[in-house]
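With the model open in your viewer, follow the stops below in order, making each selection before reading what is there.

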Amino acid sequence: MNSIKLKSRAKINLSIDVLGKRQDGYHLVEMIMQTIDLYDLIEISEREDNQIIIKSTSNEIPLDCNNLVYKAADLIRNTFDINKGVEIYIKKNIPVAAGMAGGSSNAAAILVGLNKIWNLNLSDQKLEEIGLKLGADVPFCINGGAVLASGIGEELTPIKGLSKDVCILVCKPDLFVSTKEIYECIDSKHIEKRPNNQFLIDCLKNENTRQLAENMFNVLEEVTVDKHPVIQQIEDIMTRNKALGAMMSGSGPTVFGLYENREDALKCKSILEKQFKQTFVVACEEKGVEVNG
Ligand SMILES: C[C@@](CO)(OP(=O)(O)O)[C@H](O)COP(=O)(O)OP(=O)(O)OC[C@H]1O[C@@H](n2ccc(N)nc2=O)[C@H](O)[C@@H]1O
Ligand SMILES: Nc1ncnc2c1ncn2[C@@H]1O[C@H](COP(=O)(O)OP(=O)(O)O)[C@@H](O)[C@H]1O
């Protein structure tokens with residue numbers, strides 16, 4: 001086999017708590033992550049020369065060694081002494097720098113894909129270990145689904161996820177947020193309110209979407225909203241338009257709302273997309289990366 005196609009899915013955070021900071025600057029978190037059915041399509045083809053070539057439909061991502069897929073491919077071949085190159089095509093649908101782990105998910109897809117193309121037989125645990133060298137969200141993206149993540153995001157406990165019937169309205173305003181900058185600001189902030197993750201996990205277990213939606217909380221949100229008030233405005237539009245609850249994902253700026261009724265979600269989408277082009281109605285998914293032929 002010398003080429004493979006994969007779906008590389010996005011995530012949302014149903015909660016984020018920050019518990020402390022490591023010596024290296026990384027923050028200790030406790031957060032609920034959920035894969036959603038918004039995905040990039042990735043095609044990897046082996047090259048006999050040594051080059052890593054990246055092509056993409058997006059002009060918002062780097063096509064050189066700064067792309068996370070380049071780093072993932074280079075890391076795998078250096079770790080396992082492989083003297084080959086690859087061409088990677090990325091059809092981008094996930095908004096970039098959004099708080100939805102688009103880059104991390106693409107990197108995870110490369111690890112899964114090259115594990116197959118180069119017959120490395122690496123376990124998921126080993127792939128997660130390698131993935132962590134590329135970013136805190138990469139281990140989650142390999143398997144995806146619904147998890148409680150702790151450590152810096154790499155300690156993963158699977159939990160029951162959102163019901164497939166729940167409609168997730170996702171809206172990404174056209175502005176840039178730096179994850180590093182948001183985490184740095186949280187240091188100087190006294191965190192007054194935190195998510196109750198155990199309660200949220202119970203809500204998921206009991207399929208009590210209303211209570212879940214009303215109690216979702218992301219401690220990074222206040223920091224990002226201070227810089228970009230439009231995030232709060234999107235949330236307000238969602239809650240005024242029948243969302244059970246709305247919240248920022250990751251370090252932002254994407255906002256998502258949970259809906260029990262698809263018509264209500266589509267109606268709010270039609271309002272938001274007049275101003276925000278990157279607005280989608282999606283469901284949750286069980287797999288972060290999926291081989292697609
Ligand atoms: C906030 C979250 C929530 O899921 O998601 P996104 O907003 O990126 O989607 C993650 O914690 C983001 O993880 P990820 O984007 O993979 O982080 P990395 O690339 O490893 O790190 C980017 C920067 O964020 C900071 N960082 C990241 C993770 C963490 N637990 N503590 C941190 O302080 C690091 O200082 C680093 O400089
Ligand atoms: N394959 C990739 N897809 C998306 N972004 C990438 C990729 N490679 C590198 N990046 C860069 O990583 C940064 C974070 O992007 P992304 O992973 O989409 O953010 P987030 O995790 O916040 O959703 C962006 O500045 C982007 O240019």
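Keep in mind throughout that this is a predicted model.

**The shell around ligand 1**

Begin by selecting ligand 1 and the residues around it. β1, β2 and α5 (179–186) each supply at least two residues of this shell, and the largest share, three residues, comes from α5. There are 20 residues around ligand 1, and those that come nearest are His 27, Gly 135, Asp 137, Gly 250 and Ser 251. If you colour the shell by residue class, you should find eight nonpolar, ten polar and two charged residues. Colouring by domain instead shows that domain 1 (3–159) and domain 2 (167–282) each contribute at least three residues to the shell around ligand 1.

**Lys 180 in helix α5**

Stay with helix α5 and select Lys 180, which has its place in that helix. Is Lys 180 buried or exposed? Lys 180 counts as exposed because only 12 or fewer other C-beta atoms within 10 Å are allowed for that label, and Lys 180 has 9. For a sense of distance, add Asn 115 to the selection: the C-alpha atoms of Lys 180 and Asn 115 are separated by 30 Å, with these positions 65 residues apart along the chain.

**The two domains and where they touch**

Now colour the chain by its domain assignment, which gives domain 1 as 3–159 and domain 2 as 167–282. The C-alpha centres of the two domains lie 23 Å apart, and across the boundary 22 residues of domain 1 are in contact with 31 residues of domain 2. On the side of domain 1 that touches domain 2, β1 (3–21), β2 (27–47) and β5 (146–150) each supply at least two residues, and β1 gives the most, with eight residues. The residues on this side of domain 1 divide into 14 nonpolar, four polar and four charged.

**The largest nonpolar core**

Next, select Val 69, Ala 73, Ile 110, Leu 111, Ile 168 and Leu 169, which have the most contacts inside the largest nonpolar core, a set of 85 residues. Among the elements, β2 gives the most to this core, with nine residues. Where does this core lie with respect to domain 1 and domain 2? Both domains give residues to the core, so it lies between them. In soluble globular proteins, nonpolar side chains tend to be buried together.

To look at one member of the core in detail, centre the view on Leu 169. Leaving aside residues up to four places away in sequence, Leu 169 touches Met 238, Ala 243, Phe 256, Gly 257, Tyr 259, Ala 265, Cys 268, Lys 269 and Val 281.

**The annotated stretch 67–145**

Select residues 67–145, for which an unreviewed UniProt entry lists "domain: GHMP kinase N-terminal". Over these residues the chain is 54% helix and 9% strand, and the end C-alpha atoms are 24 Å apart.

**The shell around ligand 2**

Finish at ligand 2, which 18 residues surround, the closest being Asn 67, Leu 68, Gly 102, Gly 103 and Asn 106. The elements that give two or more residues to this shell are α1 (68–79) and α2 (102–117), and the largest share, four residues, comes from α2. Which classes of residue make up the shell around ligand 2? The shell has ten nonpolar and eight polar residues, and no charged residues.

Note on methods. Residues are numbered from 1 along each chain as its sequence is written. Chains are lettered from A and ligands numbered from 1 in the order in which they are written. This is a predicted model: local features need pLDDT of at least 70, side-chain atom pairs count only at pLDDT 80 or more; totals for chains, interfaces and linings use all residues. Domain bounds come from an automatic or database domain assignment. Two residues are in contact if their C-beta atoms, placed from the backbone, lie within 7 Å. Ala, Val, Leu, Ile, Met, Phe, Trp, Tyr, Cys and Pro count as nonpolar, Asp, Glu, Lys and Arg as charged, and the others, Gly among them, as polar. A residue is near a molecule or strand if its C-beta atom, placed from the backbone, lies within 6 Å of it. A nonpolar core is a set of buried Ala, Val, Leu, Ile, Met, Phe, Trp, Tyr and Cys residues joined through C-beta atoms within 7 Å. A residue is buried if 20 or more other C-beta atoms lie within 10 Å of its own, exposed if 12 or fewer, and partly exposed in between; C-beta atoms are placed from the backbone. UniProt positions are given in the numbering used here, feature names are shortened, and annotations may be inferred rather than shown by experiment.
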